[in-house]
Amino acid sequence: MENKTFFQIEKRIQTIKARLQDIGPMRPGSLTKQYRNPKEGTGEFFQLSYTYKMKSKTEYVRPQFVGPVREQIRNYKIFKNLVEEWVALGIQYSQLSMKADIDRLDSTHGQTKKPKGRK
């Protein structure tokens, strides 16, 4: 079962790496529509807000760039999710690896597992 789990983890990590290579331009943030006169709903403009190097930034985005900026934000979210999953898989892999080593050492030395709570 452990070899299959190792294989599954490695396979998923390879898939994540391939997907990361295909991600296009990206940037963090959220894009919102604002109004210079909110009561009348006139004077529409787009505002990009993000944090980079622990500093909040705000930029105005011209209407012709709204589509590309939205795509860049989408790419960044995909990137972040993939990296987060990769880290989680790396932790699982490490834990399984350590458990397999302990089990192998215990079986090699003919030791039985000690009951929990006793030293």
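## Rings, strands and charges: a walk through the model

Let's start with the aromatic rings: searching the whole structure turns up three aromatic pairs. One of them joins Phe6 and Tyr93, whose rings meet edge-to-face, with 4.9 Å from centre to centre and 65° between the planes. Those two numbers are worth getting used to. A pair of aromatic rings is described by how far apart the centres are and by the angle of the planes. Keep in mind, too, that what you're looking at is a predicted model.

Where do Phe6 and Tyr93 sit in the chain? Phe6 belongs to helix α1 (residues 2–21) and Tyr93 to helix α2 (residues 66–108), so this pair links distant parts of the chain, 87 residues apart. The two partners don't get the same label for accessibility, because buried means under 20% relative accessible area. Phe6 has 13% relative accessibility, so this residue counts as buried. Tyr93, at 30%, counts as partly exposed.

Now slide along to another ring pair, Tyr76 and Phe79. Is this pair stacked, edge-to-face or tilted? The ring centres are 6.2 Å apart and the planes make 35°, so the pair is tilted. Here the partners are neighbours of a kind: Tyr76 and Phe79 are three residues apart in helix α2, so about one helical turn separates them. Tyr76 has a relative accessible area of 24%, which makes this residue partly exposed. Phe79 is partly exposed as well, at 26% relative accessibility.

Next comes the sheet. Three strands make up an open sheet in the order β1-β2-β3, and the pairing is antiparallel. If that's a new idea, here's the background: strands of a sheet pair through backbone hydrogen bonds, either parallel or antiparallel. Which strands are at the edges? They are β1 (30–37) and β3 (55–61), each of which pairs on one side only. Ignoring direction, neighbouring strands of this sheet are turned by 35° against each other on average.

Take a look at where β2 and β3 meet. Strand β2 (residues 42–52) pairs with β3 in the antiparallel sense over seven bridges. You can find partners across the two strands: Tyr52 stands opposite Lys55 in β3, and Thr51 is opposite Ser56 in β3. Together β2 and β3 form a hairpin, with two residues between them. In that turn, Lys53 has a positive phi of about 55°.

The sheet has rings of its own, and charges that sit over them. Arg36 lies over the face of Phe45, 4.5 Å from the ring centre. Likewise, the charged end of Arg27 sits over the ring of Tyr50, at 5.5 Å from its centre.

Last stop: the salt bridges. How many does a search of the whole structure find? There are five salt bridges. One of them pairs Glu85 with Arg12, with the closest N and O atoms 2.7 Å apart. This is another link between distant parts of the chain, since Glu85 is in helix α2 and Arg12 in helix α1, 73 residues apart. So the two helices are linked by this salt bridge and by the aromatic pair of Phe6 and Tyr93. Glu85 is partly exposed, with a relative accessible area of 29%, and Arg12 counts as partly exposed at 27%.

A second salt bridge takes you back to the sheet. Lys33 bridges to Glu44, and the closest N and O atoms are 3.6 Å apart. Lys33 is in strand β1 and Glu44 in strand β2, eleven residues apart. Lys33 is partly exposed with a relative accessible area of 43%, and Glu44 is partly exposed with 46%.

A third one stays within a helix. Arg104 forms a salt bridge with Asp101, and their closest N and O atoms are 2.6 Å apart. Both residues lie in helix α2, three residues apart, which is about one turn of the helix. Asp101, at 33% relative accessibility, counts as partly exposed.

How values were computed
Residues numbered from 1 in each chain as written. Predicted model: local features only at pLDDT ≥ 70, side-chain atom pairs only at ≥ 80, totals over all residues. Heavy atoms only, no water. Phe/Tyr/Trp six-rings, centres within 6.5 Å; stacked < 30°, edge-to-face > 60°. Helix = DSSP H or I, 4+ residues; strand = E, 2+ residues; numbered from the N terminus. Buried < 20%, exposed > 50% of the residue type's maximum accessible area, 1.4 Å probe, protein only. Lys NZ or Arg CZ within 6 Å of the ring centre and 35° of its normal. Pairing = 2+ DSSP bridges. Axes fitted to C-alpha atoms, helices over the stretch in contact; angles between N-to-C directions. Salt bridge = Lys/Arg side-chain N within 4 Å of Asp/Glu carboxyl O.
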